[in-house]
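Colleague: I would like a close look at one part of this model. Please go through it in order, and spell out your cut-offs as you go.

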Amino acid sequence: MLVLSVDSSDRNGSISLSQGGPGEACDVLEVVQLGGGIFSAQLVPQIAALLAKHQATKQDIAAFAVVSGPGSFTGLRIGLAAVKALAEVLEKPIAGVSMLEAVARGGTSRGTVMAALEAGRAEVYVGEYEVGSDAKRISETLMTQAELVTSAKGRTVLTPDRNVADMARTAGLSVEELERPDSGAIARIGWKKIRAGEIVSPRALDANYIRRMDGETPVTIRSEAVE
């Protein structure tokens, strides 16, 4: 079963095509990077090209996994709009995945951890997760750097962002710095959620901005562009 995964939450996003197997097995076939933040121009043509490369069409997609936030306002809207359009036409399930959850799962630390992503303005997106055989969300919020230092005492901060890692280390916190999860990692988490029945309809799928921007405008991407 083919799983199409999209991450447009960061300036350098990616898409991937994976083979979902029995149980929670999910074999990533290919990850395609989307650089420069111009997702509106790249996303649909890249999805079409990725499917064609693997001799597939949109009708072969069995499920979708997409980063629902937090991250770029415009990037998230574009990625979610593309997945909404395709999933609605194909009537296939969607798993929305928090990038903070992906960070929490991507490290080696266990127990209560603090996944952190740079949010600008001296602020940090923070996800508190209990990580063991699975990752259970406790909370996701926006904090100042000072608030993170206070909240993360006695816990490990997991982050792919060098500035956050350096700040946390300077404050004396335990830090695990890791690579930012790509859409392949999102596919594996998404497939696990889909197998567990944790899916969302295209109509209900929404971005988890944590912080919303005033004057947002809707983004429309038509699925007909993907053959």
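Is Ser 18 buried or exposed?

Modeller: This is a predicted model, where local features need pLDDT of at least 70, side-chain atom pairs count only at pLDDT 80 or more, and totals for chains, interfaces and linings use all residues. Residues are numbered from 1 along each chain as its sequence is written, and side-chain values use heavy atoms, with hydrogens and water left out.

Ser 18 is buried, at 0% relative accessible area. Buried means under 20% relative accessible area, exposed over 50%, and partly exposed in between (1.4 Å probe, protein chains only). Ser 18 sits in strand 2, residues 13-20. Strands here are DSSP runs of E with at least two residues; helices are runs of H or I with at least four; both are numbered from the N terminus.

What covers Ser 18? Setting aside neighbours within four places in sequence, Ser 18 contacts Met 1, Leu 2 and Val 3. Its other contacts are Cys 26, Asp 27, Val 28, Leu 29 and Ala 187. Contact means heavy atoms within 4.5 Å.

Now compare a residue elsewhere in the chain. Val 113 lies in strand 6. Val 113 is also buried, at 1% relative accessibility. Not counting residues up to four places away in sequence, Val 113 touches Ala 104, Gly 127, Glu 128, Tyr 129, Val 131, Thr 156 and Leu 158. Glu 91 is 22 residues from Val 113 along the chain, yet their C-alpha atoms are 36 Å apart.

Strand 6 belongs to an open sheet of five strands, in the order 8-7-6-9-10, with mixed pairing. Strand 8 (135-144) and strand 10 (174-177) stand at the edges with a single partner strand each, so one side of each has no neighbour in the sheet. From one strand to the next, the twist averages 25°. Angles run from 0 to 180 degrees between N-to-C directions, and axes are lines fitted to C-alpha atoms, for helices over the stretch in contact.

Take the pairings next. Two strands pair if DSSP finds at least two bridges between them. Strand 6 (residues 111-120) and strand 9 (residues 156-159) are parallel, over three bridges. Ala 115 faces Leu 158 of strand 9 across that pairing. Strands 7 and 8 run antiparallel, joined by nine bridges. Their hairpin passes through three residues. Val 124 stands opposite Met 143 in strand 8.

Helices pack on this sheet. Helix 3 (residues 99-106) lies across strand 6, strand 7 (123-131), strand 8 and strand 9, at about 130° to strand 6. Helix 5 (residues 162-170) touches strand 6, strand 7, strand 9 and strand 10, and its direction makes about 160° with that of strand 10.

Finally, the whole chain. It has six helices and ten strands. Its radius of gyration is 17 Å, close to the 17 Å that the globule rule gives for 227 residues, so the chain is as compact as a globular protein of that length. That radius is taken over C-alpha atoms; the rule is 2.2 Å times the number of residues to the power 0.38. Buried residues make up 53% of the 227.

Confidence comes last. The mean pLDDT is 91, and 91% of residues reach 70 or more. pLDDT is the predictor's confidence in each residue, from 0 to 100. Over residues 212-221 the pLDDT is below 50, and this stretch has 16 contacts in the model beyond near neighbours in sequence.
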